[in-house]
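Here are my notes on the model, as numbered points. Please read them with the structure open.

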Amino acid sequence: MAITPELHNCDRQNDLHVLQVPEQFGNAVMCIMRGQAYLAETSIGQEMSETEQVKVLCIRSANLIGKVG
């Protein structure tokens, strides 16, 4: 956070890319770990520059935008 203090302003409305991991997790720690690993396996994760930042959001499925109910 010291390098990028404005990272807290990043959200689903102003981000450059959104990835939704195609699995569910029992807790936030697993969500963050698998989210980072999933990103690393994608072309977006592999082509990131040193100045780009990633924010992993663990959102309960009931709160997802566009959720089919």
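1. A definition first. The expected span of a helix is 1.5 Å times one less than its number of residues. Helix α1 has 13 residues and reaches 18 Å from its first C-alpha to its last, close to the 18 Å expected. Keep in mind that this is a predicted model.

2. The overall make-up comes next. The protein chain holds two helices and zero strands. It has 69 residues, and 10% of them count as buried. The chain exposes about 5900 Å², with carbon and sulfur atoms supplying 53% of that area. Take the contacts in the chain with a separation of 6 or more: residues 24 or more positions apart account for 52% of them.

3. Which residues of α1 are buried? They are Cys-31, Gly-35 and Leu-39. These residues cover an arc of only 55° around the axis, so they sit on the same side of α1. What covers them includes α2, residues 43–46.

4. Now the nonpolar surface. Val-29, Met-30 and Met-33 make a nonpolar surface patch of about 280 Å². Met-30 lies in helix α1, which runs over residues 28–40. Is Met-30 buried or exposed? Neither label fits: Met-30 counts as partly exposed because its relative accessibility is 37%, and partly exposed covers the range between the buried limit of 20% and the exposed limit of 50%.

5. How many salt bridges does a search of the whole structure find? The search finds one. The side chains of Arg-34 and Glu-23 meet in it, at 3.4 Å from N to O. This pair links distant parts of the chain: Arg-34 is in helix α1, Glu-23 is in the segment before α1, and eleven residues separate them in sequence.

6. Both partners of that salt bridge deserve a check for exposure. Arg-34 has 28% relative accessibility, so Arg-34 counts as partly exposed. Glu-23 is at 37% relative accessibility and therefore also counts as partly exposed.

7. Glu-23 can be placed against a buried residue of the helix too. The C-alpha atoms of Glu-23 and Gly-35 are separated by 9.8 Å. Along the chain, these two residues are twelve residues apart. Gly-35 is among the buried residues of α1.

8. Tyr-38 is another α1 residue to look at. What does Tyr-38 touch, not counting residues up to four places away in sequence? The list is Leu-19, Gln-20, Val-21 and Pro-22. The C-alpha atoms of Tyr-38 and Leu-19 are separated by 8.8 Å, with the two residues 19 residues apart along the chain. Tyr-38 is partly exposed, because its relative accessible area is 25%.

9. Last, Gln-24. Gln-24 is in the segment before α1, as is Glu-23. At 71% relative accessibility, Gln-24 counts as exposed, whereas Glu-23 at 37% counts as partly exposed. Gln-24 and Cys-58 are 34 residues apart along the chain, and their C-alpha atoms are separated by 9.9 Å.

Notes
Residues numbered from 1 in each chain as written. Predicted model: local features only at pLDDT ≥ 70, side-chain atom pairs only at ≥ 80, totals over all residues. Heavy atoms only, no water. Patch = residues over 30% accessible without salt bridge, like charges linked within 9 Å, V, L, I, M, F, W, Y side chains within 5 Å. Areas by Shrake-Rupley, 256 points an atom, 1.4 Å probe, with all protein chains shown as cover. Salt bridge = Lys/Arg side-chain N within 4 Å of Asp/Glu carboxyl O. Helix = DSSP H or I, 4+ residues; strand = E, 2+ residues; numbered from the N terminus. Buried < 20%, exposed > 50% of the residue type's maximum accessible area, 1.4 Å probe, protein only. Arc of directions from axis to C-beta. Contact = heavy atoms within 4.5 Å.
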